[in-house]
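User: Hi! I'd like to go through the charged and polar side chains of this protein with you. Could you take my questions one at a time?

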Amino acid sequence: MIKVFVLGFLILSLFVGGYLLTIQNKNITNDTHLATSFKLGVVNSCRKTPSFIHTLSMKQPAIDTKQQNHQGGLVIRDMSNNRIWQDESWTKSGYLAGFDRDNKGNMYVAPLPYVSLSLNPPELQNQIYKIDSSTAKMQLYLKMPSEEKPNNKNPFGTMGLFYDCDTNSLYVSSLAGSLPRKENGVIYQINLSTNTVVSQFNTIDAIGIGVFNTLKGKRLYYGLARKPHVYSILLDENGNFTQSKRFEFSLTRLQGGDTTVAKKIQFSKKANKFHMTVKETEFGFRLLAENNPEKKKYHFIYSIIDDKWSYVEYSYE
Amino acid sequence: MVKFKNNEGVTYLIMAFFRLPNKYFHALFSLIMVMFFLSSCSSEHNGSNEENTYEYTGKLITNNDRKEHVNLAIINDYIFAVKQSLKKPIPILRLGKQELTHQDEYRAQKIVIQNKDFTKYTRHPQGNKPLRNEIMTIRKVLAADVSLNNKKRLSKCGKSCYRVEMYNYFYNMSTVGFVDVKLQQVLAVNYYSDAQPDINNRLKNIAIAIAKNSKLVKQELLEVTQKPTMSQIKTSLKNSRCERSYHLCVAPTFVLNDKALWAIVDLTDSTLVGIRWTNLGESGPPIDVTERQLENEYVFREFCEKSNHLQKGNWQFDYQITASDGIEVTQLKYKNIPVMKSAKLLDWHVNYSTREGFGYSDAIGCPLFSSAVVIAYEGPQVEEIKQDGKTIGFSFTQDFRQPPWPTPCNYRYEQRFEFYNDGRFRVAAADYGRGCGTDGTYRPIIRIDIDADKDHESISQWNGEQWKLWTEEKWHLQSKNTKYTREGYLFKITNEKGNGFYVEPNRGQFNDGSKGDNAFSYISINHPGRDEGSNDMVTMGSCCNTDFRQGPEQFINPPESLQNKNLVLWYVPQLKNNGTKGEEYCWADTRIKNGIKKVKVWPCYAGPMFVPVGL
């Protein structure tokens with residue numbers, strides 16, 4: 001009888017093990033079967049400058065969402081003379097978290113409660129706005145499909161934005177409804193052709209996000225909102241989330257690192273090398289208006305051989 | 001004796017058990033093992049269905065309790081050595097010969113401290129005051145020490161080259177010097193701001209002594225007699241574990257089975273900051289315990305997530321730190337008689353007179369999961385109030401700060417309650433600067449719900465001759481023409497029997513350095529079922545109005561009759577700051593004391609006294 005039981009257990013184990021292996025293989029398919037159009041490196045080089053900026057007659061126009069020296073929100077700043085321009089419709093978003101542009105020059109911005117909730121009431125935080133490339137007008141683009149609502153004990157909704165040219169997707173991180181003892185955040189993938197959420201990564205509190213095509217597939221990197229850790233998750237060829245995530249690095253363990261969190265993740269290509277820049281902030285699910293000039297940016301270089309990001313140095317924002 | 005390699009032993013045992021042919025069993029077992037290995041040992045894992053939950057287990061030593069180590073000989077000796085070093089022409093606390101392993105290390109130290117680049121930051125540029133500096137490590141130069149910054153200079157470095165690390169406590173920076181003792185030359189000097197080197201053995205011993213002798217650590221470890229492991233105490237040139245104070249902090253850990261007790265020790269002040277338990281044994285992302293984490297967790301868990309009760313003398317009340325309305329005191333009783341339902345501070349309005357419309361509405365509240373921008377530090381503090389050597393009551397205060405305070409454009413506030421043995425009590429607030437300039441005016445929005453009666457409260461104002469009843473909701477501004485009774489009372493809030501409280505506004509008579517309130521007072525009706533400030537308010541009026549439009553006016557417009565109503569008093573003092581030397585008010589500045597930074601404050605207090613009528 002015991003022999004039968006043990007043999008049964010072994011056979012059952014064989015099936016379970018086989019099933020798990022099959023599932024995992026499915027998740028990491030991109031490691032070995034990349035799309036024919038797949039190209040290693042930066043995925044947002046198709047982004048265009050908004051058309052309206054060309055009409056502003058600025059010498060060195062820059063998109064500025066820093067919350068300093070103006071009443072908040074988005075401005076276009078001429079870096080040559082510090083002159084700023086703001087469309088009257090832009091005030092509706094209040095202060096801002098992340099922003100990004102698409103392949104047509106449209107801009108997308110996420111609201112962020114900063115000094116107080118007066119310009120950023122909680123009920124208007126879990127959404128993103130679109131600024132038309134031609135008219136410069138800001139309009140509500142999409143409310144995140146979540147039952148979790150921002151409130152005065154967690155007034156945050158959408159946070160980080162990142163556009164991927166390969167799949168015409170906008171990724172959005174949201175902290176709406178997260179509780180002190182439980183993560184309820186979501187990272188959404190929005191298809192900009194259909195203006196719908198097509199995939200989402202649940203129960204994850206993330207702020208900064210960024211997509212990069214590694215040697216072994218497309219990955220979305222994300223900085224946790226509660227810890228100084230940066231993780232990544234594998235995306236399939238359509239940019240959908242898979243189940244396969246991995247720890248990348250912790251800001252605290254870098255030379256000169258802090259116990260802060262990653263608020264922005266950017267990728268670029270310089271001198272034939274791929275670079276990642278991670279900007280930090282102190283975050284505790286409370287308003288962010290602290291005048292701390294000591295915020296850092298951490299710089300990494302991608303090693304193709306190892307499929308890893310190597311830390312280089314930090315600099316101050 | 002039969003020896004098996006790897007899994008052979010297990011395989012043969014199972015084969016014997018089933019009496020199966022060798023080749024079948026090998027294949028079956030290997031397949032199972034491989035599948036289990038592949039399915040469980042991948043570096044990537046399924047994370048979508050994980051339940052990501054958090055615990056807040058940090059414990060904090062509050063500032064008032066951080067003096068328990070002053071009698072440790074090891075610390076007294078160290079403090080004496082620090083003070084002696086500050087008297088020297090080159091204010092550096094050096095390593096003694098007995099602390100070094102080779103004579104050349106001592107020579108390297110002697111050479112490097114004569115180098116002007118190495119000692120560049122050992123004194124403050126203004127006034128040439130000595131700053132606290134300490135040599136931490138001296139060792140031979142390694143290949144890893146050569147960087148782009150010093151590659152050229154160290155190219156000739158042989159076996160006689162040493163690396164000397166010094167920490168500057170004032171700037172929280174490290175200076176690294178490279179010395180060739182044979183040539184008696186300093187080859188290179190590098191500076192690292194916001195970076196702390198590995199500490200010397202002297203400080204390691206102090207850190208262990210502080211941790212081991214702490215009451216809090218002893219309580220946690222109970223009867224365990226285990227030496228703390230110091231493996232995670234620091235790694236070279238990293239930021240401090242005290243990210244807020246910028247002090248030199250380390251974390252001796254006590255490992256017990258599958259758990260570790262982290263003790264954060266502040267070596268700048270020679271104190272324990274706090275402790276936290278973490279789990280061991282799980283591979284994965286690193287765990288860090290820091291000052292900021294302990295402070296936030298402790299305040300959040302103890303004072304934000306739950307209501308507390310305090311009973312002292314004839315007084316008792318509940319209190320809780322809110323998401324954006326500061327600390328709220330509720331159900332206040334004197335001799336078991338209800339006297340106040342609630343008192344809290346909804347916002348600090350700050351405006352700057354030389355910049356039209358420029359300023360902030362600062363909400364104060366919990367350090368985590370709140371809509372506050374200036375957050376609670378530590379928990380509330382209780383202190384006795386003495387007069388002529390006698391205890392006449394006690395104060396109950398809560399500190400709120402923006403972490404970078406007192407750097408410009410960062411703020412610190414205090415809520416203060418005073419309870420006196422004779423039944424008087426005061427609801428007060430203070431600003432500690434520093435703000436964005438010397439042209440600032442601070443206006444705290446204080447809401448006070450006196451409990452004189454359920455729905456038959458009335459308010460009267462002294463007009464110079466008699467008490468004049470207010471018949472409808474309205475506001476009043478304290479000015480030069482305001483009349484007070486001989487005792488200094490302006491209002492009287494009472495019930496039908498005439499019992500209640502006089503309201504004595506602050507005119508600088510409370511011996512707290514205040515220059516008076518110049519306050520707006522509003523009386524509104526407490527409407528049952530209508531949220532007019534009783535719940536946590538998201539925001540309250542504009543930062544920058546200089547007139548009565550501070551927020552409470554929205555509850556008295558249009559004015560309603562006050563007859564047979566429950567009333568709420570809104571009190572909005574106006575405090576003008578001053579940064580002029582000798583006249584500082586609502587201000588803070590950084591000074592040098594014993595070679596480190598110390599913040600000097602000139603708080604401005606405001607708030608009325610409530611004096612019982614008919615009690």
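User: Which side chain meets B:Arg107 in a salt bridge?

Analyst: Happy to help, and please keep in mind that this is a predicted model. Side chains of opposite charge can pair when their charged atoms come close. For B:Arg107, the N to O distance in the salt bridge is 2.5 Å, and the partner is B:Asp104.

User: Where do B:Arg107 and B:Asp104 lie?

Analyst: The two residues are three apart, about one turn of the helix. Both belong to one element of chain B, spanning residues 103-112, and that element is helix H4.

User: Is B:Asp104 buried or exposed?

Analyst: Its partner B:Arg107 has 41% relative accessibility, so B:Arg107 counts as partly exposed. B:Asp104 has a relative accessibility of 16%. Buried means under 20%, so B:Asp104 counts as buried.

User: How far apart are the closest N and O atoms of A:Asp64 and A:Arg77?

Analyst: These two residues of chain A form a salt bridge. Between their closest N and O atoms, the distance is 2.7 Å.

User: Which parts of chain A does that pair tie together?

Analyst: A:Asp64 sits in a strand covering residues 61-64, while A:Arg77 sits in one covering residues 75-78. The pair therefore ties together parts that are 13 residues apart in sequence: strands E2 and E3.

User: What is the relative accessible area of A:Arg77, and is this residue buried or exposed?

Analyst: On the other side of the salt bridge, A:Asp64 counts as buried at 11% relative accessibility. A:Arg77 is likewise buried, with a relative accessible area of 11%.

User: Which residue pairs with B:Arg424 in a salt bridge?

Analyst: B:Arg424 counts as partly exposed at 23% relative accessibility. The partner is also partly exposed, with a relative accessible area of 46%. The N to O distance is 2.9 Å, and the residue that meets B:Arg424 is B:Asp422.

User: Which residues are linked in a network of salt bridges?

Analyst: The network includes residues from chain A and chain B. From chain A come A:Glu282 and A:Arg286. Chain B adds B:Glu243, B:Arg244, B:Arg292 and B:Glu295.

User: How many salt bridges are there over all chains?

Analyst: The pairs discussed so far, such as B:Arg107 with B:Asp104, are salt bridges. Searching the whole structure, the number found over all chains is 40.

User: One last thing: which backbone oxygen does the side chain of B:Gln381 reach?

Analyst: B:Gln381 is in strand E17 of chain B, residues 374-387. This glutamine is buried, with a relative accessible area of 16%. At 3.2 Å, its side chain reaches the backbone oxygen of B:Gly379.

Terms used. Residues are numbered from 1 along each chain as its sequence is written. Chains are lettered from A and ligands numbered from 1 in the order in which they are written. This is a predicted model: local features need pLDDT of at least 70, side-chain atom pairs count only at pLDDT 80 or more; totals for chains, interfaces and linings use all residues. Side-chain values use heavy atoms; hydrogens and water are left out. Helices (H or I, at least four residues) and strands (E, at least two) are DSSP runs, numbered from the N terminus. Buried means under 20% relative accessible area, exposed over 50%, partly exposed in between (1.4 Å probe, protein chains only). A polar contact is a pair of N or O atoms within 3.5 Å; within protein, one must be able to donate a hydrogen and the other to accept it, and residues adjacent in sequence count only if both atoms are side-chain atoms. A salt bridge is a side-chain nitrogen of Lys or Arg within 4 Å of a carboxyl oxygen of Asp or Glu.
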